Amino acid sequence: MYIYSSRSMYTDPIADYLTRVRNAIQANHRIVSIPASNLKKEITKVLFDKGYIQNYKFEDDNKQGVVKIALKYDPMTKQSAITGIDRISKPGLRKYASADTLPRVLNGLGIAILSTSKGVMTEKEARNLNVGGEVLCYVY
């Protein structure tokens, strides 16, 4: 008999990060806590810079640390700033894009977050710097 281990979800930590954010939005939570990593911190900074989250804080818990994200909602409609967040490149099938084949999300209304040689950034910034990289996720 197999007993479910909570460690099995960490085979893809980025998918776990995106799922926690997605679930918190569906449950209308204001704050979501996620185990930290350098890549998750960089993705969080991009989401904040582009206005998809209200605020964030990195806390040290004497282990790997925690990323606390304050989600952004419209005060009138109670609609989240993030309507969709999709994982693109997976551990079993990595997706890369060169500088001239960078994706456009919803005709420019959303963003694609890329991991490039110059750091984690959106596809628009990568296009300006003329670099390609691994397409981590789409946010719209």
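Visitor: Leaving aside neighbours within four places in sequence, which residues is Leu47 in contact with?

Guide: Happy to start there, with the reminder that this is a predicted model. Leu47 has its place in helix α2. At 1% relative accessibility it counts as buried, since the cut-off for buried is under 20%. Apart from neighbours within four places in sequence, Leu47 is in contact with Tyr17, Tyr52, Ile53, Ile113 and Val139.

Visitor: How far apart in space are Leu47 and Ile69, C-alpha to C-alpha?

Guide: Along the sequence, 22 residues separate Leu47 and Ile69. In space, their C-alpha atoms are apart by 10.0 Å.

Visitor: Which element supplies the largest share of the largest nonpolar core?

Guide: That core has 26 residues, and those with the most contacts inside it are Val21, Ile69, Leu71, Ile113 and Val139. At least two residues each come from α1 (13-26), β1 (31-35), α2 (38-49), β3 (66-71), β6 (111-116) and β8 (133-139). The largest share, 6 residues, is supplied by α1.

Visitor: How many residues does the second, separate core have?

Guide: Among its members are Ile88, Ala97, Leu114 and Ala126. The number of residues in this second core is 10.

Visitor: Which residues does Ile113 touch, not counting those up to four places away in sequence?

Guide: Ile113 is one of the residues with the most contacts inside the largest core. Not counting residues up to four places away in sequence, it touches Ile43, Val46, Leu47, Val120, Met121, Glu134, Val135, Leu136, Cys137 and Val139.

Visitor: Why is β6 described as largely enclosed by the rest of the structure?

Guide: The test is burial, which needs under 20% relative accessible area. β6 is largely enclosed because, of its 6 residues, the number buried is 5.

Visitor: Which residue stands opposite Ser115 in β8?

Guide: β6 and β8 run antiparallel and are joined by 6 bridges. Opposite Ser115, in β8, stands Glu134.

Visitor: And in β7, which residue stands opposite Leu114?

Guide: β6 pairs with strand β7 (residues 119-122) in the antiparallel sense, over 4 bridges. These two strands form a hairpin, with 2 residues between them. Facing Leu114 from β7 is Met121.

Visitor: Is the ring pair of Phe48 and Tyr56 stacked or edge-to-face?

Guide: A pair of aromatic rings is described by the distance of the centres and the angle of the planes. For Phe48 and Tyr56 the centres are 5.2 Å apart and the planes lie at 75°. Planes over 60 degrees apart fall in one class, so this pair is edge-to-face.

Visitor: Which residues do ring pairs link into a cluster?

Guide: A search of the whole structure finds 2 aromatic pairs. Besides the edge-to-face pair of Phe48 and Tyr56, Tyr56 and Phe58 form a tilted pair, 5.1 Å centre to centre with 45° between the planes. The cluster linked by ring pairs is Phe48, Tyr56 and Phe58.

Visitor: What relative accessibility does Phe48 have, and what about Tyr56 and Phe58?

Guide: Phe48 counts as partly exposed at 33%. Phe58 is partly exposed too, with a relative accessible area of 31%. Tyr56 also counts as partly exposed, at 24%.

Visitor: Which ring does the charged end of Lys41 sit over?

Guide: The charged end of Lys41 is 5.4 Å from the centre of the ring in question. That ring belongs to Phe58.

Visitor: In what order do the 3 strands of the open sheet come?

Guide: The pairing in this sheet is antiparallel. Its edge strands, each pairing on one side only, are β1 and β2 (53-59). The twist averages 20° from one strand to the next. The order is β1-β3-β2.

Visitor: Which strands of the sheet does α2 touch?

Guide: α1 packs on the sheet, touching β1 and β3, and its direction makes about 165° with that of β1. α2 packs on the sheet as well, with its direction at about 155° to that of β2. The strands touched by α2 are β1, β2 and β3.

Visitor: Is Ile31 buried or exposed?

Guide: Ile31 is found in strand β1. Leaving aside neighbours within four places in sequence, it is in contact with Ile69 and Ala70. Its relative accessibility is 55%, and the cut-off is over 50%, so Ile31 counts as exposed.

How values were computed. Residues are numbered from 1 along each chain as its sequence is written. This is a predicted model: local features need pLDDT of at least 70, side-chain atom pairs count only at pLDDT 80 or more; totals for chains, interfaces and linings use all residues. Side-chain values use heavy atoms; hydrogens and water are left out. A nonpolar core is a set of buried Ala, Val, Leu, Ile, Met, Phe, Trp, Tyr and Cys residues joined through side-chain atoms within 4.5 Å. Buried means under 20% relative accessible area, exposed over 50%, partly exposed in between (1.4 Å probe, protein chains only). Contact means heavy atoms within 4.5 Å. Two strands pair if DSSP finds at least two bridges between them. Rings of Phe, Tyr and Trp (its six-membered ring) pair if their centres lie within 6.5 Å; planes under 30 degrees apart count as stacked, over 60 as edge-to-face and the rest as tilted. A charge sits over a ring if NZ of Lys or CZ of Arg is within 6 Å of the ring centre and within 35 degrees of the ring normal. Axes are lines fitted to C-alpha atoms, for helices over the stretch in contact, and angles run from 0 to 180 degrees between N-to-C directions.
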